[in-house]
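Let's take a walk through a protein model, going from packed helices to the empty spaces between atoms. Keep the structure open beside you as you read.

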Amino acid sequence: MQSFLSLYNRLLKAGVHRKLDEEIEELSSNIDYDEHHLDCLLNPQNYPPVVKLTHCSCSNEDKEACKNVCFMNAIEHDSDGNVTISKDNCIGCGDCINFCKQNSLSEIKEAIPIFDLINKGESPVYAMIAPAYISQFTKEVTPGKLRSAFKKLGFAGMIEVALFADILTLKEALEFDKVIHEDSDFMLTSCCCPMWIAMIKKIYSTLVPHLPPSVSPMVACGRSIKSLYGKSKTVFIGPCIAKKAESRDADITDAVDYVLTFEEIKEILDTAEIDPSVLEEDLRDHSSKAGRTYAVTSGVSEAVKSTLIRLRPERTIPLKAQHADGIKACKELLKNIQEGTIQANFIEGMGCVGGCVGGPKALIDKKEATEHVKEYGQKAIYDTPVDNPYVIELLKRLGFDTIESLLEGDHLFVREFYTSFNK
């Protein structure tokens, strides 16, 4: 019987070559596959959580070790001793996938319905690429060439999420200015890392009132595309499995239809026999240095700080940042906040060491990736979104006449944390 991944690869090949319907019809006359696996590949949104147990032949000792590796206690055993994954607790960090000795675990695969949409052509499908993508597909693959590759695959276009990181930088700078009035006040960044947010909501919930009600750049990008282009479908692409879980959060499911990883995109390009490095340039990005450097540790803090200085140079209480790098460091930092032992007033956490560039599905080493991201940031024409006319124009197209209006009646870039920031 075909494994989950072999079935996926078979359907992926059919999808990129526009033969998906024929392949599914042929499968229907073949009993050499698991019907549950097929349905999971065709309708992944119906199958929480985002980590899937494809099979399990592990010893009891290995099963127990697998259970202990999850910091969210999402891996459980049923009454028969079989491994199960909690849909409520799994946040898609990917630690269990990397740890499993038998390769019995996989992230949910969403590429098949994406190519079904592209092949039917009923709605434009947009690729939204995370700021960490620079040089992930080799240094020869420039942003413009990668955009051409996505169009060759059938996407309507590729949009850099860094532009929406610019918008969230503006929003969080304004939120900071609004709520930080005393030396004892502090704010946790609520954008970017879904593991950081999940830890706060599920383990350190007493700190939720210090989260501003801002969506992540991914969600901001998805909602903006749907606002500007009607019935479009959106696909986020990054190094992170946890983004698959974030896209399913009840209050933001309207933004992103599917999520793929860099690793999956590499497989798709290879299957389609597309070499982006030889394609023509298609240059369209206008993000600032602030948004481009979100992908590395302290990138959010530095972006918000420089933007706050541009917006409110007269502030008497400056932004004093502290950041945590990796899950262990995030837990320690949040514990210290609860105990009142920190001096900072803007707190940033990244679930992966190095930031998004250290994500489980990145294609290059995080040190090398960090250098590429910072270099790309330095090449930006504008240092902050305040100075970026493209950001201002985009905001106007979305109904925001001024930067300050991001705090006044904003329904596009907010989510329901139900915190004191909403009052």
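## Helices first, then the gaps

Start with α8 and helix α14 (residues 299-311), which pack at an angle of about 65° with their axes 9 Å apart. An angle of 65 to 115 degrees counts as roughly perpendicular, so α8 is roughly perpendicular to α14. Keep in mind as you look that this is a predicted model. The way α8 passes α14 is a right-handed crossing.

Which residues make this contact? From α8 come T169, L170, E172, A173, L174, F176 and D177, and from α14 come A303, V304, T307, L308 and L311. Sort the contact of α8 with α14 by class and you get 8 nonpolar, 2 polar and 2 charged residues.

Now jump back to the start of the chain. Helix α1 (residues 4-16) and helix α2 (residues 20-27) cross at roughly 145°, and their axes come within 7 Å. On the α1 side the contact uses L7, R10, L11, A14 and G15, while α2 brings L20, E23, I24, E26 and L27. In this contact of α1 with α2 you'll find 6 nonpolar, 1 polar and 3 charged residues.

α1 has another partner to look at, helix α6 (residues 111-120): these two pack at an angle of about 15°, with their axes 9 Å apart. Angles under 35 degrees count as roughly parallel, and α1 and α6 are therefore roughly parallel to each other. Their crossing is left-handed. Here α1 offers Y8, L11, L12, G15 and V16, and α6 answers with A111, I112, F115 and N119. How many charged residues does the contact of α1 with α6 have? There are no charged residues in it, just 7 nonpolar and 2 polar ones.

Before we get to the gaps, stop at a couple of loops. P48 and P49 are joined by a cis peptide bond, with omega about -5°. You can find P49 in the loop between α3 (35-42) and β1 (51-53). Another residue to click on is N103, in the loop between α5 (95-99) and β4 (105-107). Its backbone angle phi is near 55°, a positive value in a residue other than glycine.

Next, the empty space. Rolling a probe the size of a water molecule over the atoms shows where empty space is left. The largest pocket has a volume of about 530 Å³. It is lined by 21 residues, and the closest to its centre are I159, L163, Y229, R284 and R397. Which elements each supply at least two residues of this lining? They are α7 (143-153), β6 (157-160), α8 (162-179), α10 (217-228) and α17 (389-397). So you meet α8 again, this time as part of a pocket wall. The lining of the largest pocket has 11 nonpolar, 3 polar and 7 charged residues.

The second largest pocket holds about 420 Å³ of space. Of its 25 lining residues, C90, A245, E246, R248 and D249 are the closest to the centre. Two or more residues of this lining come from each of α9 (194-202) and α11 (242-246). α9 gives the most to the lining of the second largest pocket, with 5 residues. By class, this lining divides into 14 nonpolar, 3 polar and 8 charged residues.

Cavities are a separate kind of space: here the probe fits but cannot get out. How many cavities of 30 Å³ or more does a search of the whole structure find? The search finds 3. About 250 Å³ of space lies in the largest cavity. Its lining is made of 23 residues, with C192, F236, C240, K243 and C356 nearest the centre. α9, α10 and β8 (233-238) each supply at least two residues here. The lining of the largest cavity divides into 18 nonpolar, 4 polar and 1 charged.

Last stop: the second largest cavity, with a volume of about 70 Å³. It is lined by 14 residues, and C70, A74, C90, C93 and C96 lie nearest its centre. By class, the lining of the second largest cavity has 10 nonpolar, 3 polar and 1 charged. If C90 sounds familiar, that's because C90 is also one of the residues closest to the centre of the second largest pocket.

How values were computed
Residues numbered from 1 in each chain as written. Predicted model: local features only at pLDDT ≥ 70, side-chain atom pairs only at ≥ 80, totals over all residues. Heavy atoms only, no water. 1 Å grid on protein atoms, 1.4 Å probe; cavity = no way out; pocket = protein on both sides within 12 Å on 5 of 7 lines; lining within 4 Å. Points joined across faces, edges and corners; volume = space filled by probe spheres on them. Helix = DSSP H or I, 4+ residues; strand = E, 2+ residues; numbered from the N terminus. Nonpolar A, V, L, I, M, F, W, Y, C, P; charged D, E, K, R; others polar. Axes fitted to C-alpha atoms, helices over the stretch in contact; angles between N-to-C directions. Parallel < 35°, antiparallel > 145°, perpendicular 65-115°, else oblique. Left-handed = near helix turned anticlockwise from the far one by under 90°. Contact = heavy atoms within 4.5 Å.
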